[in-house]
Amino acid sequence: MSGSSTPGSPRRSRRGATLTLVFGAVVAAGASSGGWPALGGSAPGTHAVPAAVSDDAAAAAEAGELRAAIERDDPEAAEELVSRSGDRWAAFYTAREYEGLRRSLDGRYVGVGLWVRRTADGGVEVCRVQPGGPAAGGGVRVGDRLRAVDGTRTAGLSVTEVVALLRGEAGSRVELELRRGERAREVTLERAVLATEEVSVERMGGRVTRIRVASFTKGVGGQVREALEGAGAARGAAGGGGVVLDLRGNSGGLVAEAVSVASAFLDGGLVATYDVRGSQRVLDADEGGDTATPLVVLVDGGTMSAAELLAGALQDRGRAVLVGSRTFGKGSVQMPSTLSDGSVVEQTVGHYRTPSGRSVDGSGVVPDLKVPAAAEPAAADAKAVTVLSGLGGRP
């Protein structure tokens, strides 16, 4: 999500690489929707041991060096070691950047109000534009190709690096080079402090209500509960219809809010388990959720982290039918370490599992009804409505 990160340099390619799972006071790192490039492995070693063993040993050594740099309170060394720690989701943040991430989780961010994703041909495409934001005012539309930011070409950059280019101070200007069809143009936008719009509600026809959750910031669980109550009122005594919970492009966020959303649809019980350096923990739903309204969850390759936790829980508990394409596959847990200058290093400390014991890390959540990733979003929408009718929730 381009609007949810704070200023950063593209050279710190891991910075902002994920909206991490947040346990307790852990703060999520900003992310954009869309997939992430696979982490390249090390070149095979020349020793008489398998390359994988050599790589694991090297990664463990580098992780140890990073922990040592944190323990001796050396921000410069820590930043350098993060980039070669072997931890795909490790990240280094300045104090200012980390504070920006905290602010974004409180529902505010500095940006231009657009979201981007990587396309199949390697381009960068605008996938969402916030109404009333600078991008919308500048005529930016969903589907526009983002070719350059302030003269830096986006070709070959990760989505995270593109997001970093879009960041800046409120009131500063950023120049975008866009292409729509055969027409290229440049637009200059002024960055602003914007309110996040993480939950949106719309009718999909008849008594079917779509509740779209873009990410899990503070208060999202309550907003989903309100939307669910409204959907119940729309269904009325005649019944029918149901709810489509749209998690496509949801890159994660505060896991407490994801559990709160799960609680809206479950009557207590297990949502997920996770380990932190070998210590096992559980996440349970609150009692009293709506277990009667027919529910379909839409997912895709941009559904990540806490969103995968939620989707997997509703699937395992038999509460929802999942429709779409395989989710991203980020099931790791990051914890932050704060250094004396206020900078923060995040390292992977464990993994979570769905109620049935599945790990989604690297494999994602497979939907019950698959819709090819290349299909138009409307195709998945239509499948969702059809499934609801089969669940007894006629449109």
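Colleague: What makes the charged end of Lys-330 count as sitting over the ring of Trp-89?

Modeller: This is a predicted model. In it, the charged end of Lys-330 lies 5.3 Å from the centre of the Trp-89 ring. The cut-off is within 6 Å of the ring centre, along with a limit of 35 degrees from the ring normal. The distance of 5.3 Å meets the first condition. The charged end is listed as over the ring.

Colleague: Where else does a charged end sit over a ring, taking Arg-128?

Modeller: Over Trp-115. The charged end of Arg-128 is 4.1 Å from the centre of that ring. The value is within the 6 Å limit.

Colleague: Why is the pair of Trp-89 and Phe-328 given its name?

Modeller: Set the values against the cut-offs. The ring centres are 6.0 Å apart, and a pair needs them within 6.5 Å. The planes meet at 70°, and over 60 degrees counts as edge-to-face. The pair is therefore edge-to-face. A search of the whole structure finds two aromatic pairs.

Colleague: How do you know that the pair links distant parts of the chain?

Modeller: By sequence position. Trp-89 is in the loop between helix H2 and strand S1. Phe-328 is in the loop between strand S16 and strand S17. They are 239 residues apart.

Colleague: Is Trp-89 buried or exposed? What about Phe-328?

Modeller: Buried means under 20% relative accessibility. Trp-89 has 6%, so it counts as buried. Phe-328 has 16%, so this residue counts as buried too.

Colleague: Why is the pair of Tyr-93 and Tyr-98 described as it is?

Modeller: Their ring centres lie 5.6 Å apart, with the planes at 50°. That angle is neither under 30 degrees nor over 60, so the pair is tilted. Tyr-93 and Tyr-98 are buried.

Colleague: Which residue does Tyr-93 stand opposite in S18?

Modeller: Val-344. S1 and S18 run antiparallel and are joined by three bridges. Pairing takes at least two bridges, so these strands qualify.

Colleague: What makes S18 largely enclosed?

Modeller: Seven of its 10 residues are buried, so the rest of the structure largely encloses the strand. S18 also pairs with S13 in the antiparallel sense over two bridges. There, Thr-273 has Arg-353 as its bridge partner. S17 joins S18 over seven bridges, also antiparallel. Ser-337 has Val-345 as its bridge partner in S18. In the hairpin of S17 and S18, five residues lie between the strands, and Gly-342 takes a positive phi near 90°.

Colleague: How do you know that helix H5 is largely enclosed?

Modeller: Eight of its eight residues are buried, so the conclusion follows directly. Among them are Val-159, Glu-161 and Leu-166. The buried residues pack against strands S3, S4, S5, S6 and S7.

Colleague: Why is one side of S10 and of S19 left without a neighbour in the sheet?

Modeller: The sheet is open, with six strands in the order S10-S11-S12-S15-S16-S19 and mixed pairing. S10 and S19 stand at the edges, and each has a single partner strand, so one side of each has no neighbour in the sheet.

Colleague: What makes S12 mostly covered?

Modeller: Five of its five residues are buried. Both faces are covered: Gly-242, Val-244 and Asp-246 on one side, Val-243 and Leu-245 on the other. S11 pairs with S12 in the parallel sense over five bridges. Val-208 stands opposite Gly-242, and Thr-209 has Val-243 as its bridge partner. S15 runs parallel to S12 and is joined to it by four bridges. Asp-246 stands opposite Leu-298 there.

Colleague: Which residues have the most contacts inside the largest nonpolar core?

Modeller: The core has 44 residues, and those with the most contacts include Phe-216, Leu-245 and Val-271. Beyond its neighbours within four places in sequence, Val-271 is in contact with residues including Val-259, Leu-283, Leu-309 and Pro-355. A second, separate core has 21 residues, including Val-112, Val-129, Leu-146 and Leu-166. Nonpolar side chains tend to be buried together in soluble globular proteins.

Colleague: How many of the chain's residues count as buried?

Modeller: 52% of the 395. The chain exposes about 16,200 Å², with carbon and sulfur atoms supplying 50% of it.

Notes:
Residues numbered from 1 in each chain as written. Predicted model: local features only at pLDDT ≥ 70, side-chain atom pairs only at ≥ 80, totals over all residues. Heavy atoms only, no water. Buried < 20%, exposed > 50% of the residue type's maximum accessible area, 1.4 Å probe, protein only. Areas by Shrake-Rupley, 256 points an atom, 1.4 Å probe, with all protein chains shown as cover. Core = buried A, V, L, I, M, F, W, Y, C linked by side-chain atoms within 4.5 Å. Contact = heavy atoms within 4.5 Å.
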